Amino acid sequence: MIPLSLGEIAAVVGGTVEGDRAVTVTAPAVLDGRQAEPGGLFVAFVGEHVDGHDYAAQAGRAGAAAVLGSRPTALPTVVVEDTKAALQALAAHVVARLRDGLTVVGVTGSHGKTSTKDLLAAVLSSAAPTIATTGSLNNELGVPLTMLRSHAATRFLVLEMGVRRIGDIAELTGLVAPDIGVVLNVGQAHLGHLGSRAAIAQAKGELVQGLAPGGTAVLGADDPRVAAMRSLTDRTVLTFGRAEHADVRIGDVVLDRLVRPSFTLRTAAASAPVALPLVGAHQALNASAAAAAGLAAGVSLAGAAAALATVSLSKWRLEPCELAGGATLLNDSYNADPDSTRAALDALAAVEGGRRIAVLGEMRELGDDSEAEHRAVGEYAASRADVVVAVGARPFADGAGERAVALPDNAAAVEWLRGRLTAGDVVLVKASRGARLDEVAAALASGPHDVLVDRPMDGR
């Protein structure tokens, strides 16, 4: 955050100051008072059940210097009519102040965008100071919060951009037009909101349409709906993927026994070997997207490859750990849709070990296709796992047939697993965030264990 007095903030957002106008905000903005930093800004919203203004004192104890909200609080407060609009206006102002020395990258896709954002942040930070979205703060509030973390030394700003309806990404690019826009894929996530893949493609395409003058669109060559977005812009286009015609293409993929991919990235002018420290063959595709965006930002292919070798991901993305009894847990509980669940099941099938157990919770936001998609993924799971544990999602079990175990909730899943896991078992936990299967993963991992690095997975 660049230093701004409350008087300056009020002028930017059209608010009034209750308290000392000279108080200066020097640290990032937060929505949770417990996360406030010394000199930071607490942004207070009135929710359906909770009024954030009531937590201003808590934010002050954590170090917040001031509040942005719709009524006065115990701290000096910039009072506005619309807190969301004010937060977005402030974020746009801060980035505009920094724009001469700042390259902004937007990342979207139906699945893989958080992992790709993490990979890209590693690539860009190897070249210059980089700020990137924390976790999946990718909506109309999360994006401006990330923007407000920018400061005078920041050279790259990586913004993950999510979508639930047409117009969402246009709203975000209206705050800041990205210099580089990465579109990974058009899948089935958010069918419940958008209704069809064509509508999802339209929504994701808003990132390409919102690029800054002189910008670059980085598009997945393997997805026809994404490749077709070339027609939406007159900006430079770079493509990535497995296709022979991709500008940054993947070849020679080899998986080690922990399903970590090694491969070669090739362009017309260069090639570079990459060894990812991440579980899952699908991460090679995400890495190619990050490398392509890195090239657009001025990072060499060799530099990108070196950075990718040291990357780590946001939590609960196929995190491997060894459980106390010698079983292995793959915690992929942050989110799920049909495509990402199949990719996780492929990783489960490829990991060396004994019995494969897929613990699957509900995939949300699939709309009218939800039951059919759950059945189809359940059937696929039965081809990749020895046991399919369906937690609160009966259609998974219907699809998996004889290999299925249907359980009503997370507590039942934990009890069932604890009573049956043996050394050498490999357990995948996968669901949409709302299913909270991270609770199952945490319960299984609550005994003594070590993060799995490179040891036999059968407990020997």
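This report describes a predicted model of a single chain, from its overall dimensions to a few selected residues.

## Overall form

The chain has 460 residues, and its radius of gyration of 23 Å agrees with the value near 23 Å that a compact globule of that length would have. Taken along the principal axes, the box filled by the C-alpha atoms is roughly 65 × 55 × 40 Å. Secondary structure consists of 16 helices and 23 strands, and 56% of the residues count as buried. Among contacts with a separation of 6 or more, 63% are made by residues 24 or more positions apart.

The accessible surface of the chain comes to about 17900 Å², and carbon and sulfur atoms contribute 49% of that area. There are 40 positive and 50 negative side chains in the chain, and the centres of these two sets lie 3 Å apart.

## The annotated N-terminal segment

An unreviewed UniProt entry lists residues 31-81 under "domain: Mur ligase N-terminal catalytic". In the predicted model this stretch is 14% helix and 20% strand, while the C-alpha atoms at its two ends are 17 Å apart.

Beyond that segment, helix α3 covers residues 83-98 and includes Gln88. With a relative accessibility of 9%, Gln88 falls under the 20% limit and is therefore counted as buried. Leaving out residues up to four places away in sequence, Gln88 touches Glu140, Pro144, Glu171 and Leu175.

## Strand β8 and the listed binding site

Strand β8 spans residues 103-108 and contains Val105, which counts as buried because its relative accessibility is 1%. Apart from neighbours within four places in sequence, the contacts of Val105 are with Leu120, Leu124, Leu157, Val158, Leu159, Ile180 and Val182. As a gauge of distance across the model, the C-alpha atoms of Val105 and Ala324 are 42 Å apart, with their positions 219 residues apart in sequence.

The unreviewed UniProt entry gives a "binding site" made up of Gly109, Ser110, His111, Gly112, Lys113, Thr114 and Ser115. Gly109 belongs to the loop between β8 and α4, a helix that covers residues 113-125, whereas Ser115 is placed in helix α4 itself. Both of these listed residues are buried, Gly109 at 0% relative accessibility and Ser115 at 7%. Their contacts, with neighbours within four places left aside, are as follows: Gly109 meets Leu184, Asn185 and Lys204, and Ser115 meets Gln283, Asn286, Leu313 and Arg317.

## Asn185 beside the listed site

Asn185 lies in the loop that runs between β11 (180-183) and α7 (191-194), and its relative accessibility of 9% means that it counts as buried. Not counting residues up to four places away in sequence, Asn185 touches Gly109, Ser110 and His111, together with Asp223 and Val226. Gly109, Ser110 and His111 are among the residues that the UniProt entry lists for the binding site.

The pairing of Asn185 with Val226 can also be expressed through the backbone, where the C-alpha atoms of these two residues are separated by 6.0 Å although they are 41 residues apart along the chain.

## Positive phi values between α11 and β17

Most residues other than glycine have a negative phi. Two residues in the loop between α11 and β17 depart from that sign: Trp316 has a phi near 65°, and Leu318 has a phi of about 50°. The loop that holds Trp316 runs from helix α11 (301-308) to strand β17 (319-322), and Leu318 is found in the loop between these two elements as well.

Trp316 is buried, with a relative accessible area of 16%, and Leu318 also counts as buried, with a relative accessibility of 5%. Both values are under the 20% limit that is used here for a buried residue.

Key:
Residues are numbered from 1 along each chain as its sequence is written. This is a predicted model: local features need pLDDT of at least 70, side-chain atom pairs count only at pLDDT 80 or more; totals for chains, interfaces and linings use all residues. Side-chain values use heavy atoms; hydrogens and water are left out. UniProt positions are given in the numbering used here, feature names are shortened, and annotations may be inferred rather than shown by experiment. Helices (H or I, at least four residues) and strands (E, at least two) are DSSP runs, numbered from the N terminus. The radius of gyration is taken over C-alpha atoms; the globule rule is 2.2 Å times the number of residues to the power 0.38. Buried means under 20% relative accessible area, exposed over 50%, partly exposed in between (1.4 Å probe, protein chains only). Contact means heavy atoms within 4.5 Å. Accessible areas come from the Shrake-Rupley method with a 1.4 Å probe; for residues, only the protein chains shown count as cover. Lys and Arg count as positive and Asp and Glu as negative; His and the chain ends are not counted. The place of a charge is taken as NZ of Lys, CZ of Arg, CG of Asp or CD of Glu.
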